[in-house]
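Subject: Handover of a structure

Dear colleague,

Please find below the structure that I am handing over to you. An account of what was found in it follows.

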Amino acid sequence: SLFDVATFAVLWFVIKANVVERQEVFQAGWFLEGLISQTLIVHFIRTKKIPFIQSSPSLALLGSTVLVCVVGVSLVYIPPAAAWLKFEVPPAGYIPWLI
């Protein structure tokens with residue numbers, strides 16, 4: 001997808017996670033983008049209307065989306081979880097690219 005190509009380019013060229021020593025930064029960045037974009041995709045495929053503008057999700061869907069994103073993003077920033085998953089915290093400059 002376009003998001004995958006953009007994420008790859010940002011991680012490779014902007015964040016410079018393009019050497020073996022930085023592969024854990026690349027993997028963490030890829031995980032974050034994939035998690036957030038895939039959970040948001042659910043909101044687009046659930047309705048023919050414009051999500052969040054013309055159609056509001058149920059509280060259960062909204063709550064589960066937020067919960068999944070918070071837990072998933074936390075894994076990158078909790079040292080034992082990040083070490084187990086072989087993630088390294090991406091630099092702060094990567095966060096604006098996620099938004």
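Helices, of at least four residues, and strands, of at least two, are DSSP runs numbered from the N terminus. By this definition, the protein chain has five helices and zero strands, and its pattern along the sequence reads α-α-α-α-α. Please note that this is a predicted model.

Overall form

Taken along the principal axes, the box filled by the C-alpha atoms of the protein chain is roughly 45 × 30 × 20 Å. The chain has 99 residues, and buried residues make up 28% of them. Among the contacts with a separation of 6 or more, 55% are accounted for by residues 24 or more positions apart.

Surface and charge

The protein chain has an accessible surface of about 6,700 Å², and 73% of this surface belongs to carbon and sulfur atoms. The chain carries 6 positive and 5 negative charges, and the mean positions of the two groups are 16 Å apart.

The surface also holds a nonpolar patch of about 1,100 Å². Its residues are L40, I41, F44, I45, I50, F52, I53, L59, L62, V66 and V70. The elements that give two or more residues to this patch are α2, which spans residues 23-45, and α3, which spans residues 59-77.

Individual residues

Three residues may serve as points of entry.

F44, a member of the nonpolar patch, is found in helix α2. Is F44 buried or exposed? The relative accessible area of F44 is 52%, and the cut-off for exposed is over 50%, so F44 is exposed.

T65 is found in helix α3. Its relative accessibility is 10%; because buried means under 20%, T65 counts as buried. Which residues does T65 touch, not counting those up to four places away in sequence? They are T39 and H43.

I95 lies in helix α5, which covers residues 95-98. With a relative accessible area of 32%, I95 falls between the cut-offs of 20% and 50% and is therefore partly exposed. Along the chain, I95 and G29 are 66 residues apart, while their C-alpha atoms are separated by 9.1 Å.

With these points in hand, you may wish to begin with the nonpolar patch and its residue F44 in the display above.

Yours sincerely,
A colleague

Notes:
Residues are numbered from 1 along each chain as its sequence is written. This is a predicted model: local features need pLDDT of at least 70, side-chain atom pairs count only at pLDDT 80 or more; totals for chains, interfaces and linings use all residues. Side-chain values use heavy atoms; hydrogens and water are left out. Buried means under 20% relative accessible area, exposed over 50%, partly exposed in between (1.4 Å probe, protein chains only). Contact means heavy atoms within 4.5 Å. Accessible areas come from the Shrake-Rupley method with a 1.4 Å probe; for residues, only the protein chains shown count as cover. Lys and Arg count as positive and Asp and Glu as negative; His and the chain ends are not counted. The place of a charge is taken as NZ of Lys, CZ of Arg, CG of Asp or CD of Glu. Patches are made of residues with over 30% relative accessible area and no salt bridge: like charges are joined within 9 Å, nonpolar side chains (Val, Leu, Ile, Met, Phe, Trp, Tyr) within 5 Å. A salt bridge is a side-chain nitrogen of Lys or Arg within 4 Å of a carboxyl oxygen of Asp or Glu.
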